[in-house]
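This briefing concerns the arrangement of strands and helices in one protein model. Please keep the sequence and the structure in view while reading.

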Amino acid sequence: MKMVVAIVRPEALEDVKKALFDAEIHKMTVNPVKGCGQQKGYTENYRGTIINVNLLSKIRIEIVVNDEFVKPTVDAIINAARTGNIGDGKIFVLPVEECYRIRTGETGSDAVG
Ligand SMILES: Nc1ncnc2c1ncn2[C@@H]1O[C@H](COP(=O)(O)OP(=O)(O)OP(=O)(O)O)[C@@H](O)[C@H]1O
Ligand SMILES: [Mg+2]
């Protein structure tokens, strides 16, 4: 089991959701977040204090999948979210130790799938 964490542009969310559904990935958690990448945005000097004003609005999507679904998930997100411009986002893949479906008590890949 892996967790795919994707941070994408807010305007990419609808296309990413559609691409995931088309790839039969139906479970996800979505949150609005603030972040910056390698451009570091910029800083502003306000009355002698360096103020960090570079945190941009992004959308964080978390999807836990069985291992064979990692590539389809990542491919769907990349295809839907890529514009080719800076700030298109990042995808992280993390190991997941266990999953429990609370309603049934199922565990592991049965609970994820
Ligand atoms: N190493 C990182 N750790 C945590 N969050 C990150 C990291 N890199 C990017 N992010 C998050 O992803 C968002 C989008 O990153 P972004 O696409 O700007 O990455 P980048 O490395 O700067 O690539 P690019 O040069 O294409 O812009 C950031 O605003 C931040 O929220
Ligand atoms: Mg960037």
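The points below treat the sheet, then the helix that lies across strands, and then the helix pair.

The model is predicted. Its strands include four that form an open, antiparallel sheet, and helix 2 lies across strand 1, strand 5 and strand 6. Helix 2 also packs with helix 1.

**The sheet**

- The order of the four strands in the open sheet is 2-5-1-6, with antiparallel pairing.
- Strand 2 (29-35) and strand 6 (89-95) are at the edges; each has a single partner strand, so one side of each is left without a neighbour in the sheet.
- On average, neighbouring strands of this sheet are turned by 25° against each other, direction ignored.

**Strand 2 and strand 5**

- Seven bridges join strand 2 and strand 5 (residues 56-65), which pair in the antiparallel sense.
- Opposite P32 stands I59 in strand 5.

**Helix 2 across the strands**

- Helix 2 (residues 70-81) runs at about 5° to strand 1 (2-8), and lies across strand 5 and strand 6 as well as strand 1.

**Helix 1 and helix 2**

- Helix 1 (residues 13-22) packs with helix 2 at an angle of about 145°, and their axes are 8 Å apart.
- The two helices, helix 1 and helix 2, make a right-handed crossing.
- On the side of helix 1, the contact is made by D15, V16, A19 and L20; helix 2 contributes T73, A76, I77, A80 and A81.
- By class, the residues of this contact are seven nonpolar, one polar and one charged.

How values were computed: Residues numbered from 1 in each chain as written. Chains lettered and ligands numbered in written order. Predicted model: local features only at pLDDT ≥ 70, side-chain atom pairs only at ≥ 80, totals over all residues. Heavy atoms only, no water. Pairing = 2+ DSSP bridges. Axes fitted to C-alpha atoms, helices over the stretch in contact; angles between N-to-C directions. Contact = heavy atoms within 4.5 Å. Left-handed = near helix turned anticlockwise from the far one by under 90°. Nonpolar A, V, L, I, M, F, W, Y, C, P; charged D, E, K, R; others polar.
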